[in-house]
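Trainee: I have this one open in the viewer and I'd like a close look at a single part of it. Pick a spot, please, and walk me outward from there.

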Amino acid sequence: MAVRSIGEYKFPSRSRQELYGDDQLVHLWWKGNLWFCAAACFRAPKAMSWNDFVAGMVNPLFSCDPDFDAATTTFTWTVDDKPVSPAGDESLEALGVGHKSLITCVAA
Amino acid sequence: MAAPRKLSMKQRYAALTRDLDWDLSYVDEDTAYPYTSFEGIKIHDWSKWEDPFRLTIDAYMKYQAEKDKRLYAVLDSFAQGQGHLQLTDPSYLNAMKLFLQGVTPLEYQAHRNFAYLARFLNGPGPRFAALCQSQDELRHAQTEIHTLSNYNKYYQGFHSWNHQHDRVWYLSVPKSYFDDAVTAGPFEFLIAIGFSFEYLLTNLLFVPFMSGASFNGDLPTMTFGFSAQSDESRHMTLGLEAIKFMLEQDPDNVPIVQAWIDKWFWRGYRLLALVSQMLDYMLPRKVMSWKEAFELYFEEQMLGGLFPDLAYYGITPPRHVEHAIAEKEVLSHQVYWTLYQFSFAAGFTTTVPSEDAQKWLAEQYPQTFEKLYKPLWDKASAVVDNGGRYFYQGLPQLCQVCQVPMLFTEPGDPTTICQRHTEFEGERYDFCSDGCQWIFEREPEKYVQAWLPVHQIYQGNCGGPTVPDVLAWYKLQPGDNGEIAGNVEQTAWEAWHATSSAEEQAPAPVAGN
């Protein structure tokens, strides 16, 4: 159903990808860990490698959890519900991460 | 010349309200009232609008002036007598900061839009009712500001509420709610604000703040509450009259009104998430739990009382209401847990609930608190014991519609965050619930424009890329935000009370001197 309005009602998304240049918004959700009240939202370059993403975004956030240990906690990953096995140099884009994608991890 | 005849109330009402209307001769009705047809609502006879109060402008002004006089007398004596020292605890004021930042600007917005209705509704009856409500809302905004301004002299977090309403992340929840309503047509606004906000949900919004004030020594806010109460009951009656009027005018209006009830119940309910945590966590002396308030004011009074009446018109209880009912066991805990970890960026402070408070929570929520939330608070306490304080190191994913961080859990599974997504014109949008997703899918063109605070920060529109940049842009000052323990407000409070107890021990002046 369309908006009922007094004139033409057409506006661009206020969060469309082009507003972020070569970057995009990426959501990161540690499923099943309620220590984090909600999934996180990051602005990350599409070409960012998985390693850089983990070192620069995942680990600093997850380190707020005193039970997390970057060296020993292992996860299984999905991108938008599709299982992935990310390798170190692979870019987020190559992994199938799009604008506002949801990267989910579950502690093994 | 004979003395003028004194008119009865009914005659005065007719003379001062409906008799001041006239038939248009220079322009046709559609030109004079161009906004009452595009929503699809059919009105055949505007004179059928019933005015339950039969208020006239002279009587209205007289009542309001009397109420103002009483309120301002209380405010003066409270200020002169250092009444703020009688509060249960300065942390109580977090509830009032949230009220001033979140609700007072809505009163002003309501004032503006009811003024618009007072011009643009076709009938003189509803126009006059809207005019009174418009003035009420302005008076509420002003008296709330004056009531709470006394605290601004002594406490943090009261200085930039209006600036913050337009900028701070959690305040985008009430702001976007009202923006959604005022950008709708006049009839949808009447359902959104007049009916859903002022009737369906008002006892869950307004009463908890005012009862919280009375339980926690905040005489000014309590007096404001009394001063606004008679206005609020008039607004409730107006909201109910608005919906009945629309439903009685044409059967084609029923499905349109039903969809608005469905939308605005869920929009309002999501806004009340902020009130739920206030009741259960922010008040040092508790009034009632969110669960209890929801059962009494919503399930009993609305689902049990109002909706059976509306069934006569073919109206059913709001869509997704079953999710709201199921959530009453978990809602406030999830929301405060979120505010706890993000209060570094809020205009109020948070802390781990005390032992007594946790005991009360466990009693109120025997199914959920000890099992799901106490372990989290124990872990947060351990962080504090080790010299730290848990704050979320990042920004949260937000719901595109309600703009609350996506903290709510799946219906029936309180351990899994609810994630919903819809693709519209090639872009993905995220939602916290079936309710918000449904609202988006009804009118995606409206919600793609949402000013989501997290996305705006990432676009560089909020003062700069770092947290301190954003906090400066929010005009947060040290002590406004973060942890309660050790906050400047707590320190000052302890110092004041140390002084006043010393004074109490000093010899009292002899009576009669």
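Mentor: Let's start at Gln403(B), which sits in the loop between strand 2 (395-396) and strand 3 of chain B. Keep in mind that this is a predicted model. Gln403(B) has a positive phi of about 70°, and it is not a glycine. Is that residue buried or exposed? Gln403(B) has 26 other C-beta atoms within 10 Å, so it counts as buried; the cut-off for that is 20 or more.

For contrast, try Lys475(B), another non-glycine with a positive phi, here about 60°. Lys475(B) belongs to the loop between helix 22 (467-473) and strand 7 (482-483) of chain B. Its count is 16 C-beta neighbours inside 10 Å, so Lys475(B) is classed as partly exposed.

Now go back to the two strands that flank the Gln403(B) loop. Strand 3 (409-410) is among the elements that cover the buried residues of helix 16 of chain B. The cover also includes helix 13 (273-282), helix 14 (290-310), helix 15 (321-327), strand 1 (349-350) and helix 18 (369-385) of chain B. Helix 16 itself covers residues 331-342, 12 residues in all, and spans 17 Å from first C-alpha to last, close to the expected 16 Å. How many of its residues are buried? The count is 12 of the 12, so helix 16 of chain B is largely enclosed by the rest of the structure. The buried set includes polar names such as Ser332(B), Gln334(B) and Gln341(B), along with Val335(B), Trp337(B) and Phe342(B).

Val335(B) gives you a way into the packing: it is one of the residues touched by Leu274(B), and the others include Leu98(B), Gly102(B), Tyr170(B) and Val173(B), leaving aside residues up to four places away in sequence. Leu274(B) is also one of the residues with the most contacts inside the largest nonpolar core, a set of 149 residues. Others in that group are Leu28(A), Ile191(B), Ala192(B), Cys399(B), Met406(B) and Cys436(B), and Leu28(A) comes from chain A. The top contributor to this core is helix 9 (residues 186-200) of chain B, with 10 residues. As background, nonpolar side chains in soluble globular proteins tend to be buried together.

With chain A in the picture, look at the contact: 42 residues of chain B take part, and 37 of chain A. Which element gives the most on the chain B side? Helix 16 of chain B does, with four residues. That side of chain B divides into 19 nonpolar, 14 polar and nine charged residues.

The other flank of the Gln403(B) loop matters for the same story: strand 2 of chain B is joined by two bridges to strand 2 (residues 40-45) of chain A, running antiparallel. If you want a pair to click on, Ala40(A) has Pro396(B) as its bridge partner.

Zooming out, chain B contains 23 helices and seven strands, and 46% of its 513 residues count as buried. Its C-alpha atoms fill a box of roughly 80 × 80 × 45 Å along the principal axes. The radius of gyration of chain B is 24 Å, which agrees with the value near 24 Å for a compact globule of 513 residues. Among contacts between residues at least 6 apart in sequence, 79% join residues at least 24 apart.

Methods. Residues numbered from 1 in each chain as written. Chains lettered and ligands numbered in written order. Core = buried A, V, L, I, M, F, W, Y, C linked by C-beta atoms within 7 Å. Contact = placed C-beta atoms within 7 Å. Expected span 1.5 Å × (residues − 1). Nonpolar A, V, L, I, M, F, W, Y, C, P; charged D, E, K, R; others polar. Pairing = 2+ DSSP bridges. Rg over C-alpha atoms; globule rule 2.2 N^0.38 Å.
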